[in-house]
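Please open the structure in your viewer and keep the selection tool at hand. The stops below say what to select next and what is found there.

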Amino acid sequence: MTTEPLVDLSRLCVHTITTKPWSIEEATDRYASAGVKGITVWRDTLEGRNVAQVGQALRNAGLEIVSLCRGGFFPAPDTAGRQKAIDDNLRAIDEAHDLGAPLIVLVCGAVPGQPLEESRKQISDGIQTVLDRTDEAGVNLAIEPLHPMYADTRSAVNTLRQANDMCEAIDSPRVGVAVDVYHLWWDPELEAEIARAGRMKRLFAFHVCDWKTPTLDMLNDRGLMGEGCIDIRQIRGWVEQTGFDGFNEVEIFSTRYWNMDQAEFLEQIKDAYLQYV
Ligand code: ZN
């Protein structure tokens, strides 16, 4: 099956981290005037702001708020640490509610030296502890599996199968998965697990960028779509076959791109989006 190219920007969402040098106010203006339709807001951009007012400004500019990034980081070696994480996630849920974001993306967390199995248990427990608040706030949570190179410190959930298993066990319509091509492109089970997430009605978000060869930094050297080896369009096809019709979210952490003129970068993102997503 071939997936047709995208013909317009109507499902283009950009993560504020992608244009990190811009404040939320600048991103709002620039995205809207560039024809970007969706925005995923990273929490650091909200610091010192009235969150509800930011949400209103985004909607006034015609942007749809796709999600808030990020919650998670549940595992900790002691109870106090785990409670701190839960408190922070409760705050994130309140922020999402105030902002008007329907979804929080979870980077689940891990502790170096702690067995991954134990971290996954703490993640699942943490999510279940905050579930009541998600109901009150009307906010969903998306477990984002991270590439195994981050299994030491950032996430003990490294495959979509693990994320789907966790959703199945938690069994709440509020808890689903985020599929990020950067983290999952290598997985031979990806197509099958995307289909499974779709059958469970748990495919909540789709993130795109590219995997560069060589990758010079484990965190901040993601590629622009088309610059690397990921067949993004094929994965988008798998995602859309499940009935997913949400945004294609461009999430690029890149020191190289953050150092360039961000307006120019945004134009490159638009071109790459139409050509390679
Ligand atoms: Zn992502």
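A residue is called buried when its relative accessible area is under 20%, exposed when that area is over 50%, and partly exposed in between. The model on display is a predicted one.

**First stop: the cysteines.** Select Cys 13. Its relative accessibility is 0%, so Cys 13 counts as buried. How many disulfides does a search of the whole structure find? The search returns zero. Cys 13 is accordingly in no disulfide, and the nearest cysteine sulfur, which belongs to Cys 69, lies 9.0 Å away. Next, select Cys 229, which counts as partly exposed at 40% relative accessibility. The closest cysteine sulfur to that of Cys 229 is in Cys 209, and the distance of 10 Å is too far for a bond.

**Second stop: strand 2.** Select residues 38-42, which form strand 2. Five of the five residues of strand 2 are buried. In a regular strand, side chains alternate between the two faces of the sheet. Which residues lie on each side of strand 2? Gly 38, Thr 40 and Trp 42 are on one side, while Ile 39 and Val 41 are on the other, and all are buried.

**Third stop: the neighbours of strand 2.** Add strand 1, residues 12-15, to the selection; strand 1 runs parallel to strand 2 and is joined to it by three bridges. Within this pairing, His 15 stands opposite Thr 40. Between these two strands the chain passes through helix 1, in a β-α-β crossover that is right-handed. Now add strand 3, which is parallel to strand 2 and connected to it by five bridges. Here Val 41 stands opposite Leu 68 of strand 3. The chain travels from strand 2 to strand 3 through helix 2, and this β-α-β crossover is also right-handed.

**Fourth stop: helix 2.** Select residues 51-60. The buried residues of this helix are Val 51, Val 54, Gly 55 and Leu 58. Look down the axis of helix 2: its buried residues fall within an arc of 100°, and therefore they line one face of the helix. These residues pack against helix 1, strand 2, strand 3 and helix 3. The face turned away from the buried side carries the exposed residues Gln 53 and Asn 60.

**Last stop: the two ends of helix 2.** At the start of helix 2, select Asn 50, where a side-chain oxygen comes to within 3.0 Å of the backbone nitrogen of Ala 52. Finally, select Gly 62, just after helix 2, which adopts a positive phi of about 90°.

Definitions and conventions. Residues are numbered from 1 along each chain as its sequence is written. This is a predicted model: local features need pLDDT of at least 70, side-chain atom pairs count only at pLDDT 80 or more; totals for chains, interfaces and linings use all residues. Side-chain values use heavy atoms; hydrogens and water are left out. Buried means under 20% relative accessible area, exposed over 50%, partly exposed in between (1.4 Å probe, protein chains only). Helices (H or I, at least four residues) and strands (E, at least two) are DSSP runs, numbered from the N terminus. The arc is that of the directions from the helix axis to the C-beta atoms. Contact means heavy atoms within 4.5 Å. A polar contact is a pair of N or O atoms within 3.5 Å; within protein, one must be able to donate a hydrogen and the other to accept it, and residues adjacent in sequence count only if both atoms are side-chain atoms. Two strands pair if DSSP finds at least two bridges between them. A crossover is right-handed if, with the strands pointing away from the viewer, the path from the first strand over the helix to the second runs clockwise. A disulfide is a pair of cysteine sulfur atoms within 2.5 Å.
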